[in-house]
Amino acid sequence: MNERLKQIKLHPVRYYKSLIKNDPQGIDLTIGEGHFNSPFNAKLKAYEALLTNNTKYSQIEGDKALRKLVVEKYYPKYDENTEIIITNGSSQGLFNVLLTLISSFEDEVIIAGPYYPAYYNVIRLLGAKPVVIDTSKSQFKLNRELLEIKVNKNTKALIINEPNNPTGVSYTLSEKKELLNYSVEKEIYVIVDEIYRLYTDSSYVPFHDLLDNNSKKYFIFINGLSKSHLMTGYRIGFVLSNPLFCQQLRKANYLIVSSISSIMQQAAIGALTDDYFCEFVKKYYLNNVAMLLDALKFLKVPYVDTTCGYYVFIDVSKFNMSGREFCLFFSKNYHIALVPGDLFGVDYSNYIRVSCCKDVTDIVKFVEFFTSYIASISQISWL
Ligand SMILES: Cc1ncc(COP(=O)(O)O)c(C=O)c1O
């Protein structure tokens, strides 16, 4: 059996979720899966695909109408025929991208900590070296100075996840320009995981907007409908890059899945015609985040400040507990499941992550319980 696979421990978010499994009062703030159902148009289109027997293999690179819609809506600088591949969720997109890039055990891929665990695991599974750069002292962002220390002749790519899971952080325009110029100068690929791109404010400028014909060669975008359209179970992702890269990626797609479910691709077309749904969901979850951040500010609990994404990363060290201990304590005493920060890298054991893509009443309960916990340990009379 594959020794590298044996060494990989699976993402234990589900373990923390299971702590409240049989608890009737349990509130799950672990997993990044929106609590609303998927858009009605998605269901209609899937149903229609079944009834009209649109059930055969689709093209290896994905349904043309779907590719066209994605490009028109999110990536207008890309060509729908040669620069986009539809994948089985962005997870398979990530796997295919790394499979396409990595060719030797010497290859290195830079990831910014805290990071989405799949980055680390897939790089290792493919035999390359994940090079983690801790960003906790640089506002949770990579920059030229930090990269300069780690980039070498073996560096193939760096992965940027913005808005980030678990911190919610995204880069400013000038920070993006710096990263873009650096990667072009060093000729390394930049893999941008934009799965949370919907959850941004008006100041957000996507990397895509900065690309010219030269820099475009170095960029690979990974995205999908799991988070923006709450379609986690439909498994629709997409990867955009230059035509040469996409040619190879297409082969990987063929070898791994032949093609993506034609029914779900029709559902994706339906979902992409429903802008109202996304706007509603975006406002709702960003509002949950803002409410939680306000409460943390008031309670003087340190957190990573952000206006993007739907996670909040909280430093719990002042309670003399590690993130893990805090999560166990909260699930046992307050019936709320949370995720400890060390799932996103060893350096983050003081943190917990709260997923805010949930009903507003669940976030309110968390705030109430957190407040009463703080009151209980500090005997604050006003509570
Ligand atoms: C940063 C990031 N990338 C990718 C994914 C995978 O999403 P999916 O495979 O459902 O598209 C997730 C899921 O939580 C994520 O947080």
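Let me begin with the domains: the domain assignment of this chain gives domain 1, made of 3–38 together with 276–370, and domain 2, which covers 44–272. Please keep in mind throughout that what we are looking at is a predicted model. The centres of domain 1 and domain 2, taken over C-alpha atoms, are separated by 24 Å, and the contact takes 31 residues from domain 1 and 33 residues from domain 2. On the side of domain 1 that touches domain 2, the elements that give two or more residues are helix H1 (3–7), H11 and E9, and H11 gives the most, with six residues. If we sort the residues of that side of domain 1 by class, we find 17 nonpolar, nine polar and five charged.

Since H11 has come up, let us look at one residue in it. Tyrosine 276 is found in helix H11, which is made of residues 275–299. Is tyrosine 276 buried or exposed? It has 9 C-beta neighbours inside 10 Å, and because a residue with 12 or fewer is called exposed, tyrosine 276 counts as exposed. Its C-alpha atom is separated by 9.6 Å from that of proline 39, although the two residues are 237 residues apart along the chain.

A second residue worth a pause is glutamate 33, whose place is in the loop between strand E1 (27–28) and helix H3 (40–51). Glutamate 33 has 15 other C-beta atoms within 10 Å, so it is partly exposed. Leaving aside the neighbours within four places in sequence, glutamate 33 is in contact with Thr232 and Cys357. The C-alpha atoms of glutamate 33 and serine 228 are separated by 10 Å, with their positions 195 residues apart along the chain.

Now to the ligand. Which residues come nearest to the ligand? Of the 13 residues around it, the nearest are Gly89, Ser90, Ser91, Tyr116 and Ser226. By class, this shell has two nonpolar, 10 polar and one charged residues, and helix H5, residues 89–101, gives the most to it, with three residues. H5 itself is mostly covered, as 12 of its 13 residues are buried, among them Gly89, Ser90 and Phe95. We can also check its length: at 1.5 Å a residue, the 13 residues of H5 should span 18 Å, and the end C-alpha atoms are 19 Å apart, which agrees.

Let me turn to the strands, starting with E6, residues 189–193. Five of the five residues of E6 are buried, so this strand is largely enclosed by the rest of the structure. In a regular strand the side chains alternate between the two faces of the sheet. In E6, Tyr189, Ile191 and Asp193 point one way, while Val190 and Val192 point the other way. Strand E5, residues 155–161, pairs with E6 in the parallel sense over five bridges, and asparagine 161 stands opposite aspartate 193 in E6.

Finally, there is an open sheet of three strands, in the order E9-E12-E11, with antiparallel pairing. Why do E9 (311–315) and E11 (339–340) each have one side left without a neighbour in the sheet? Both stand at the edges, and each has a single partner strand, so one side of each is left without a neighbour there. E11 pairs with E12, residues 351–355, in the antiparallel sense over two bridges, and the bridge partner of valine 339 in E12 is arginine 353.

Key: Residues numbered from 1 in each chain as written. Predicted model: local features only at pLDDT ≥ 70, side-chain atom pairs only at ≥ 80, totals over all residues. Pairing = 2+ DSSP bridges. Helix = DSSP H or I, 4+ residues; strand = E, 2+ residues; numbered from the N terminus. Near = placed C-beta within 6 Å. Nonpolar A, V, L, I, M, F, W, Y, C, P; charged D, E, K, R; others polar. Buried ≥ 20, exposed ≤ 12 C-beta atoms within 10 Å, placed from the backbone. Expected span 1.5 Å × (residues − 1). Domains from an automatic or database assignment. Contact = placed C-beta atoms within 7 Å.
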